[in-house]
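Trainee: Could you take a close look at one part of this model with me? I would like to follow a single element from end to end.

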Amino acid sequence: MINLLNAFIIISCALSLIRIFIFFMAANIYDAKYTIFHGKNRRKIHSYNPDVTIIIPAFNEEKCIERTLKSVYHSKYSNKKVIVVDDGSSDNTSYIVKQFINKHNDFNLELIVQKNGGKSTAINNALFKKVDSELTMVLDADSELTSDAIEKAVKWFINSNIIALAINVKMLYIPNLVGLSQKYEFISAYRGKCAEHVLKTMYIVGGIGSTFRTKALKEVNGYDTDTPTEDIDLTLKLISHYGNKKNIIGYANDSIVYTQPVQKFSSLLKQRYRWKYGRFVAFVKYKSLFFNIDNKFSKTLTFYQLPMAIIQEIFMIIEPYIYLYLLWVVINYKSIPLLFSMLLYCTIIVGLSMIKSGTSLKQQLLILIVAPLNFFLSYILTLVEYFSLINSIIHSRSIFDYKKNHASWNHVERM
């Protein structure tokens, strides 16, 4: 039995390493294509300044909405309009926004106050009643854009095939294990997003700073309201409608936004359960994408990425126990080489993930020094994903009967 388990782990690790190698090679291709494209089209990119509307849906965001607005206000990009949609907040969100408008009368900022209806409803309200710009960016009310983030994001749309872009989300740091585990998670995801752009396997354009062609958003009737993860649902909706072979659902690595980490383990469980449950709902809704042979879809998405997402969830049922088994082997057999290999693996992955990430050299060194701890920190996220999966299985009936769902706000504590 032990030999079979060891063989399973070795084969799984080998396949994982092959997958990681392919992803990092694709990420390097992404870098090369980015450099070549921007070099050939420097003048066109410089003169391309489409109008963009930034929609900020908000519900009880008095602790952070001002910081978000300041980050947008200080953006270098001038051809922009900002709409905050207060979705029936019971705190001072609207008051703070009004004060900001009065203080910065040179800022093209509008406030919509509506009855509470959920995040998707809030975004759609602004999209269909107020937005006539070429591009639309959706920004969470607890995030902070860098000064050139909007400019960098919109420049990508000089490529007429791009219809939606995720931007580079970085995690603010909080000094506890839960915060640190999330920071390393986002660092590791960075190069994977670059690879997904090249391989045409991206199916999640995250809600923080996601940018779209307004025409495309309106053509698919905006965001649906029957899912708790409106960003995953919308991405699959766009792919289902437009395809992703010629049209590009991509990633703007040079456009950076910072978001707040979850501070407590219980809150992280709540957040990740919503993400996982919502992803399963989206998979059920757009199940026709799985193994779809239509020529408008990339086969890397329909025959690999989407089915692999399900396989990974199945593997998640045993992953926490494999982790503990490896620790048992290290302790029981005093296998220092195995422990060293696992710690080195974590360090190498983190190091490779920071290539062209825009992180300062000092920060990179600090991150690398602590990187071996990520082997242990990752177990926090493994447990969170495990319990989220079990909870989703328990509530599987409502996943398949998703039309009875209605998207609502699921806040965690704010910094």
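Trainee: Which residue follows H12, and what is the sign of its phi?

Mentor: Happy to! Keep in mind that this is a predicted model. The residue you are asking about is Lys334, which follows H12 and has a positive phi, near 50 degrees.

Now to the helix itself. H12 covers residues 319-332. Its 14 residues reach 20 Å from the first C-alpha to the last, close to the 20 Å expected at 1.5 Å a residue.

Next, its buried side. Pro320, Ile322, Tyr323, Tyr325, Leu326, Val329 and Val330 are the buried residues of H12. They pack against four helices: H1 (2-40), H11 (299-316), H13 (336-353) and H15 (374-394). Some of these residues also belong to a nonpolar core: Tyr325, Leu326 and Val329 are included, along with Cys346, in a second, separate core of eleven residues. The largest nonpolar core has 91 residues, and Ile56, Leu145, Ile150, Phe212 and Leu236 touch the most other members there. Strand E6 (residues 162-171) gives that core its largest share, seven residues.

Back on H12, Leu324 is a residue to view from outside. Leu324 counts as partly exposed because its relative accessibility is 42%, where partly exposed lies between 20% and 50%. Together with Phe8, Ile317, Ile318, Tyr321 and Ile393, Leu324 makes a nonpolar surface patch of about 530 Å².

So the helix has buried residues that pack against H1, H11, H13 and H15, while Leu324 is partly exposed and contributes to a nonpolar surface patch.

Note on methods. Residues are numbered from 1 along each chain as its sequence is written. This is a predicted model: local features need pLDDT of at least 70, side-chain atom pairs count only at pLDDT 80 or more; totals for chains, interfaces and linings use all residues. Side-chain values use heavy atoms; hydrogens and water are left out. Patches are made of residues with over 30% relative accessible area and no salt bridge: like charges are joined within 9 Å, nonpolar side chains (Val, Leu, Ile, Met, Phe, Trp, Tyr) within 5 Å. Accessible areas come from the Shrake-Rupley method with a 1.4 Å probe; for residues, only the protein chains shown count as cover. A salt bridge is a side-chain nitrogen of Lys or Arg within 4 Å of a carboxyl oxygen of Asp or Glu. Helices (H or I, at least four residues) and strands (E, at least two) are DSSP runs, numbered from the N terminus. Buried means under 20% relative accessible area, exposed over 50%, partly exposed in between (1.4 Å probe, protein chains only). A nonpolar core is a set of buried Ala, Val, Leu, Ile, Met, Phe, Trp, Tyr and Cys residues joined through side-chain atoms within 4.5 Å. The expected span of a helix is 1.5 Å times one less than its number of residues. Contact means heavy atoms within 4.5 Å.
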